[in-house]
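Visitor: I'm new to this one. Could you pick a single part and take me through it closely, then show me what else is worth a look?

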Amino acid sequence: MASLLRSLFLLLIVQSFLVAIAFGSNEVEEFSEALLLKPLPDRKVLAHFHFENRAPPSNSHGLHHHLFPKAISQLVQKFRVKEMELSFTQGRWNHEHWGGFDPLSSMNAKPVGVELWAVFDVPQSQVDTSWKNLTHALSGLFCASINFLESSTSYAAPTWGFGPNSNKLRYGSLPREAVCTENLTPWLKLLPCRDKDGISALMNRPSVYRGFYHSQRLHLSTVESGQEGLGSGIMLEQTLTVVLQPDTTSVESNMQPSWSLSSLFGRKVVGRCVLAKSSNVYLQLEGLLGHGSKNVDTEIEAHGLWKNADFELSLKPERVLRESSSFLFIFDIDKSSDSEPFDLGLTWNLPSKWSCQQAPLHASRFLMGSGNERGAIAILLKATESQEKLSGRDLTNGQCTIKANIFQIFPWYIKVYYHTLQIFVDQQQKTDSEVLKKINVSPSTDKVSSGMMEMMLELPCEVKSVAISIEYDKGFLHIDEYPPDANQGFDIPSALISFPNHHASLDFQEELNKSPLLSSFKEKSLVRSYTEVLLVPLTTPDFSMPYNVITITCTIFALYFGSLLNVLRRRIGEEERFLKSQGKKTGGLKQLLSRITAKIRGRPIEEQSSSESPAAQSSVLSSKLIFKIILVAGAAAAWQYFSTDK
Amino acid sequence: MEETSDRLNPGITPEFDPKTMRSTKPGLKRLFITSSVLFSFLLGVPFLWKSVEIYRSPLPFHDIDSLSDQLESTPLRFPCNFHAVFVGFRSTDPDNLRSQIQDGINQLTHQSSQCGSCDFSLSVTVQNREDQCSDTLAHSSTTCSYCCGVIKRNGFGVGLDDTVDESLNDVFSGCSENSGKMYSVVVVNKENANGGDEVKAVVGKRRHAWIVGNGLEERYGDIVARVSEIFVQAFMNGGREEDSIQGEFMPVGSDGKIVLSFSLLNSNPRDWVYDWDFQRIDEALLAPVTKALAPIANISVESQVLYHTPKSSFSSWDKKLQSYIFRTSDLPFFVNSNEWHLDTSAGASGRSKILQFVVYIPSGKECPLLLQLPNGEISKTNGFISPMWGGVIVWNPGNCDKDSESPSRNTISLQDLEQIVEIFLGQFRQLFGFKSEDNYTSGLGTYKILPSERGFTEWELDVLSRKHTCFNLHSCSTTLGSLSRLVRSLPRMIIKDEIGEQVKYSLKAAKLAQSNASLGGYSSSASSSREARSLAENAFFHPSIMSVSYFSYEHCFAVYSPFFLPVIGHVVLAAVREWKRYKQEKAKYLTWLTRKKTT
């Protein structure tokens, strides 16, 4: 009996092994959803939706899918995308109040408009073609004008200044793109539950777009399987980051506003997406260590964490994790149902104040100069308060230094003079060799490619401010190249400031379940911040000018030509003879003219010598006039007839 | 000028009247100047015309017209060789038989020459009881002739139909197929005393059919009619009803590709979630079909599972059937295009035709869901097709009761999947215009049709490739025709050389397809016709045409008229006046001369 059972068991094992072989691997496509809520120091609330969809390594990508969106997989297959990130953003991330040194801000603070970068797995010569095709496909997929990134004047190939070091990387951004619900809907279409169920059901369009900042992001990376003959796996990460202002009811101005999910979004979560492997809601509270208890060992203390004198949560968290400077409350929405929806709320009882961790340097960018001819761009880096505490300093030769990479794209009509690059450290001009560690410049070509500047600064730790300025001339565009609203000005895409030696990560010591959101926080991410978009006014021509010029010059030519021709064929002698003979008798026309002038002057007609009736003259004149009018009208009618005939 | 008549010219003879005469020759200087200016302007006109001319690649309009005329007047016909073998007939004259069958075929086709039909040549062999043959061969004698006596009268038709089909294939295997396909009908007259009156007619998987029965010689006319019916209905028309789906609705993309997109729709995953292992089905069941259809279209298969996809029509509870019912009148509203995101990314599929096949799993609120036909019966397949779009199959889970709170996760079993694929194959055949019944009944009797495991029998594939070639050529000629109409209607549209080249090559490929078709090369004509169509579409959808860079006459007029209108006025008027004056003055001079002569 036992041997029979064993053989049966063996058979089962063999069978399952065979099945595993038949499938290529026994992994299946996985989807997980998460929502992170975080009160911000400036009385706002951040909501970060995180969806992750993994397709295991397989040869059938783009062909057979269960959870993973087929359209994305087909794009990856078709254009051989190795890694790609696409973000749609409206509003500007407030680095001072919303944080600049945590994974959330370094990954989700994006420049205004559309940003796209992609790394391709194709030979170097085909990278540009793949990029162009990809932009078109994405623009169809996301209902956005990403296809404008197709032209070589709008994208660049960063080498090391951007982040991933690859020569098959292309980067482009469209600061002007208006982001709205038509971009969110196709983005939601990629989720298996769309916004029908689960956490994504919270995305009520009016409340999402009423926020101060929203950024929807799609990050795609392929994972090499390592096995021979097996394709690569795909990981699709979709995030939506929203900063919302809760409706305040309290009168006290220093009190943080209380909120709940239903007051923020106008909706509640009625259940998890049944297809998700995990669906959690997290609440992160920063900088409350002074008020809260210092250790979370006992049950009472844990209870006191979510219901204490400072604040109160409406639901009991499953677990509480702590990090060096923040607490993380974990909620499982599994238990919620239609009758008992999940509606997390936070009520503040006492005024509290905290600050966010800041990036070592705060970046801003502005324009200098006036007029439509030339100007200068300045990037200003200011030290933040939290700089002292930060790790990641580089001690070279016994000196403490901060490294900062600046990556900037210039459109070709901003003709930058790279030799005018000036760097001021603490208001003192420094030579390039002192602070500039590395610089890579690719100048723009008129109407062919955009310019790009990557530079690495090495600054002493005690630096207070750094200013970088560079001068430019404004170029002239061809009349066809102006956009319809040319007088609004032209955008210079955001510069990216990243700190290669500083990495942000949140490590919650307890790592029981492998939540994709938490593991993505745990990964060390490069601290980076984007500057403002600059608006450069260019000289715009009068668009009707060509026709005006044509008309005026042609009229002058015609006048000149006509008079010359008349002079050539004049017979002066004959005319004089004719005039002499007519001298005694004035012509009808002349008489009429003299009459008119007399009438204008208000005097009676002096000479009554001509007794011809003016009526006859005028009737002749009017018949001539009528004839002329008819002729012109006939010509116009004929023209109309022949032109409409086609 | 009347006033000047008073003036006296004392120096001239009294006969001289200055009003009508002049004594000097009129000068030519001014006339010369004005006319030279006018002429230089006129000379400049061609140069101006040349400079504002836009580039238009010359298109072969004449060839395009002649192609469409040719397709219109003489529909494309393929040579088919029909061969009828009569075994066990005592005294029948093959010539007589041949003419009778030919009459029968002509009667059935009504002499109509539809595009893609057969230009048949018929040969008849009669093998008498002593296994001696008398042949009547077609005009174009094929190298393939029936080897007399191979088919035994009494041994024939014993066993399974499939094996008979195979054996017939061996009999006719020596055929060379360089001039059309060869189709055969074997009629075996068994002389079996105890056999009934039953006549068995079978159409095989390949290109053969057979009729076996007792005492066929007595029902001679009937048999001849049936033979000609097999030739026409099966081998020529593929068992399709002529006007069911026209050739214009061939579901093949212009690049000759079909994407079969399978979607499993869980209308409410909160009730139950079903998944499938489609990859295995694709490899096992669909691969032979796609391989069989390879000469007609390049087929790729993809699948996905979608969730939260309710249908958009309502269904009603039927007490008698204990199930929810949707009717055929609801079908137009069944497909919910708002929630069913069936799309394939256009970047990946390009211009290929996407056929959607949807397996709909009803939610707990509408389970089981059945389709009621107009006659009140319940549909056996529980599915429907929408021409040129695809098909929908409603698949009810085995148990409609939701027992637990949490949704159950299931996988559709392989048997169920096979059933679904069978229904799909039927729908797929229907989209191509074929029926999926295993017999065909006409007024003369019933024919059994052997199904092929590849979905399509060989003679059906032949019909398809004939129709496909025809459809491609038609589409090519209409596309080129509209292109030529467009180009001719917009005389100032820029036409690039590329378009001209594509049109040229498309015409060339169409010519090649026509000549191949007349020679009987099925696959070569299909491939070149596909190329012709795709090139024609490429030319028509060329991006330079799409972004109509159109330099209109109005624009031209607006730019040049401010200069030329006033100047030309001056020039022409001056020239005309000078000419008139010269003529007048010359007349005066001439009258003076005559006067002078007379005096």
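Guide: Happy to. Let's start at A:Phe329, keeping in mind that this is a predicted model. Leaving aside residues up to four places away in sequence, A:Phe329 touches A:Val281, A:Tyr282, A:Leu283 and A:Leu285. Its other contacts are A:Leu305, A:Trp306, A:Phe311, A:Leu313, A:Pro317, A:Arg319 and A:Val320. Now zoom out a bit: the largest nonpolar core has 125 residues, and A:Phe329 is among those with the most contacts inside it, along with A:Phe49 and B:Phe428. There's also a second, separate core, this one of 61 residues, including B:Leu67, B:Leu97, B:Ile105 and B:Ile545.

Over in chain B, have a look at some strands. S10(B), residues 316–318, pairs with S11(B), residues 323–327, in the antiparallel sense over three bridges. One pair to find there is B:Trp317 with its bridge partner B:Tyr324. Four residues sit between the two strands of this hairpin, and B:Gln322 in the turn has a positive phi of about 55°. S11(B) also pairs with S13(B), residues 369–372, this time in the parallel sense over four bridges; here B:Ile325 has B:Leu370 as its bridge partner.

Last stop, two helices of chain B. H1(B), residues 29–52, packs against H13(B), residues 553–598, at an angle of about 155°, and their axes are 8 Å apart. Because of that angle, H1(B) counts as roughly antiparallel to H13(B). As for handedness, H1(B) passes H13(B) in a left-handed crossing.

Note on methods. Residues numbered from 1 in each chain as written. Chains lettered and ligands numbered in written order. Predicted model: local features only at pLDDT ≥ 70, side-chain atom pairs only at ≥ 80, totals over all residues. Heavy atoms only, no water. Pairing = 2+ DSSP bridges. Core = buried A, V, L, I, M, F, W, Y, C linked by side-chain atoms within 4.5 Å. Buried < 20%, exposed > 50% of the residue type's maximum accessible area, 1.4 Å probe, protein only. Contact = heavy atoms within 4.5 Å. Axes fitted to C-alpha atoms, helices over the stretch in contact; angles between N-to-C directions. Parallel < 35°, antiparallel > 145°, perpendicular 65-115°, else oblique. Left-handed = near helix turned anticlockwise from the far one by under 90°.
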